[in-house]
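Work through the exercises below with the sequence and the structure side by side, and try each task before reading its solution.

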Amino acid sequence: KGQAVALDLAALFGTGVNGQPEGISLATGLNSITLGNAFTWADALEFESLIAQDNADMGSFNIVTTAQSRAKLKAALKSTGIAGYIWEDNEINGYPAMVSQQMDDNRLLMGDFSQLILGSWGGMSILVDTTTIAEQNQTRIIVNSEHDVAVRHGESFCLSTDSAAQ
């Protein structure tokens with residue numbers, strides 16, 4: 001589980017330094033929106049529109065945010081005269097929406113994740129160390145694997161620059 005969480009974080013917000021891959025948040029061509037206030041239905045439409053304007057609308061979008069943002073979006077009405085809530089049936093604007101606590105500052109990311117490349121090589125190595133903390137009657141297990149992340153087309157993603165949970 002720990003490696004999957006680390007890979008998730010690297011894919012989203014990897015810094016590209018100190019052995020970390022460069023994540024989606026640093027991708028060249030990445031679309032971004034500054035929300036300024038609470039996330040609105042108009043913002044949901046703007047995410048989709050910015051990606052489409054870059055000819056990156058392949059129709060297979062997914063949306064990722066935090067549990068805190070999801071709670072607020074489930075309670076936020078779309079708009080006056082438009083029935084429903086922004087987040088309904090695990091969708092926003094007809095696109096699958098999901099939660100990851102890896103999203104920093106409750107931001108929201110929409111994108112075509114088929115444009116994210118996750119590479120791994122060399123398999124996984126597991127080392128069982130029975131001596132380092134043996135006097136505490138414990139065993140240390142070290143797991144190593146090597147991965148990289150690449151974004152094929154940054155234009156296929158749009159990230160809020162501030163909180164969707166305001």
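**Exercise 1.** State how much area the chain exposes and what share of it carbon and sulfur atoms supply.

*Solution.* The chain exposes about 9300 Å², an accessible area that comes from the Shrake-Rupley method with a 1.4 Å probe, where for residues only the protein chains shown count as cover. Of this exposed area, carbon and sulfur atoms supply 50%. The model is a predicted one, in which local features need pLDDT of at least 70 and side-chain atom pairs count only at pLDDT 80 or more, while totals for chains, interfaces and linings use all residues. Residues are numbered from 1 along each chain as its sequence is written, and side-chain values use heavy atoms, with hydrogens and water left out.

**Exercise 2.** Find which residues make the nonpolar surface patch of about 490 Å², and which elements give two or more of them.

*Solution.* First, list the residues: M124, I126, V128, I141 and V143 make the patch. Such a patch takes residues with over 30% relative accessible area and no salt bridge (a side-chain nitrogen of Lys or Arg within 4 Å of a carboxyl oxygen of Asp or Glu), and nonpolar side chains (Val, Leu, Ile, Met, Phe, Trp, Tyr) are joined within 5 Å. Next, place them: β9 (116-129) and β10 (140-151) each give two or more residues, strands being DSSP runs of E, at least two residues long, numbered from the N terminus. The largest share, three residues, comes from β9.

**Exercise 3.** Decide whether I141 is buried or exposed.

*Solution.* I141 lies in strand β10. I141 counts as exposed because its relative accessible area is 56%, where exposed means over 50%, buried under 20%, and partly exposed in between (1.4 Å probe, protein chains only). In the whole chain, buried residues make up 36% of the 166 residues.

Notes
Patch = residues over 30% accessible without salt bridge, like charges linked within 9 Å, V, L, I, M, F, W, Y side chains within 5 Å. Helix = DSSP H or I, 4+ residues; strand = E, 2+ residues; numbered from the N terminus.
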